[in-house]
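Here's a quick walk through a protein model for anyone seeing it fresh. Have a look at the sequence and the 3D view, then read on.

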Amino acid sequence: MWPTRPGETVGALRAVVLIALGTALMALSAKVNLPLPYVPMTLQTLVVLMIGAAYGWRLGSATMIAYLAEGALGLPVFAGPVGGIAPLVGPTAGYLFGFVLAAFVTGWLAERGWDRSVVLLFAAMAVGHIVILAAGFGWLAFGLGLGVAKAWQVGLAPFIAASLVKNALGATLMPAARRIVDRRG
C-alpha cells in the first residue's frame, strides 16, 4: 500500500492516515461497551495496546493524543454518545490519559522485539494494561477522592479478568495480522 522507501511527504501522509485510522478504531471500540457504575468496560484497551504494538511508541502515542484531542473538541468518540471535556475530568479521565502512556510503553516494547513472540507480546500488553488500570485507579482513588477501597471495587477489580482476555486476544491477533500484511507487501 505504501512505497517501501517513502519520502518525507509520503511518510507524513502515511502517519496522518494511520492516526486517522487509529482514532476511528478507538471511537468504534468505545461504542462496544458494558455500562458499569463509574467506568464502562469497553474494547478500547485492546485497541490501544494493538495500536501501540503495531505503530510503535511514537505513532501509537500520537494516535492516542489525537484521539483525546478529538474527544476534547466535542466529537462523540468516547464511550456512549459522549465528547467534550467532561470525560477528561470525570471518572474515566485516568483511564483515558493512561491510554497515551500505555501506547507508549507497549510500542516501545514492541520496537524491541516483544511483538515477535505471542508470550512476550502478551507480557507487553499486560504492562500496558497495568499502566491504564493504575492511571484509572489512581484518578478514581485520589483525583476524585473515592478512596482506595472504593476505587478498587469500581475501577480495578471488574476489569482484571477482561484485561487478561484482551491480552490473549491481542497477542494472538497481532501475529496473524502481521502475516496477512507481510503476504500483501
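Which residues does D115 touch, not counting residues up to four places away in sequence? They are A53, A110, L121 and R178, where contact means heavy atoms within 4.5 Å. D115 sits in the loop between α4 and α5. With 7% relative accessibility, D115 counts as buried, and buried here means under 20% relative accessible area, exposed means over 50%, and partly exposed is in between (1.4 Å probe, protein chains only).

A word on where this comes from: the model is predicted, so local features need pLDDT of at least 70 and side-chain atom pairs count only at pLDDT 80 or more, while totals for chains, interfaces and linings use all residues. Residues are numbered from 1 along each chain as its sequence is written, and side-chain values use heavy atoms, with hydrogens and water left out.

**The overall picture**

The protein chain has seven helices and two strands. These are DSSP runs numbered from the N terminus, with helices (H or I) of at least four residues and strands (E) of at least two. Follow the sequence and you get the pattern α-β-β-α-α-α-α-α-α. The radius of gyration is 16 Å, close to the 16 Å that the globule rule gives for 185 residues, so the chain is as compact as a globular protein of that length. That radius is taken over C-alpha atoms, and the globule rule is 2.2 Å times the number of residues to the power 0.38.

Along the principal axes, the C-alpha atoms fill a box of roughly 50 × 35 × 25 Å. Buried residues account for 42% of the 185 in the chain. Take the contacts between residues at least 6 apart in sequence, and 66% of them join residues at least 24 apart.

**Inside the core**

In soluble globular proteins, nonpolar side chains tend to be buried together. In this model, the largest nonpolar core has 46 residues, and M26, V48, M64, Y67 and F99 have the most contacts inside it. Helices α1 (8-31), α2, α4, α5, α6 (148-155) and α7 each supply at least two residues of this core, and α2 gives the most, with twelve. A nonpolar core is a set of buried Ala, Val, Leu, Ile, Met, Phe, Trp, Tyr and Cys residues joined through side-chain atoms within 4.5 Å.

What does V48 touch, once residues up to four places away in sequence are set aside? The list is M26, M64, F99, A102, A103 and I132.

**A few residues to find**

Try locating these in the 3D view.

| Residue | Place | Relative accessibility |
|---|---|---|
| G170 | helix α7 | 0%, buried |
| T106 | helix α4 | 1%, buried |
| Y95 | helix α4 | 7%, buried |
| A62 | helix α2 | 29%, partly exposed |
| P37 | loop between β1 (33-34) and β2 | 73%, exposed |

Leaving out neighbours within four places in sequence, G170 is in contact with L46, M50, L121 and M125. G170 and A54 are 116 residues apart in sequence, yet 11 Å apart in space, C-alpha to C-alpha.

On helix α4, T106 touches L49, G52, A53, A124, M125 and G128, again not counting residues up to four places away. With that same exclusion, Y95 has contacts that include V39, I132, L140 and F159.

A62 and G107 are 45 residues apart in sequence and 11 Å apart from C-alpha to C-alpha. For P37 and L140, 103 residues apart along the chain, the C-alpha separation is 12 Å.

**A pocket to explore**

Rolling a probe the size of a water molecule over the atoms shows where empty space is left. The second largest pocket has a volume of about 420 Å³. A pocket is an open set of points on a 1 Å grid over the protein atoms alone, where a 1.4 Å probe fits, with protein on both sides within 12 Å along at least five of seven lines. Grid points are joined across faces, edges and corners, and the volume is the space filled by probe spheres set on the points.

Which residues lie nearest the centre of the second largest pocket? They are V39, P40, Q44, A79 and T92, out of 29 lining residues, meaning those with an atom within 4 Å of a point. Elements that each supply at least two lining residues include β2 (41-42), α2 (44-72), α3 (86-89) and α4 (93-114).
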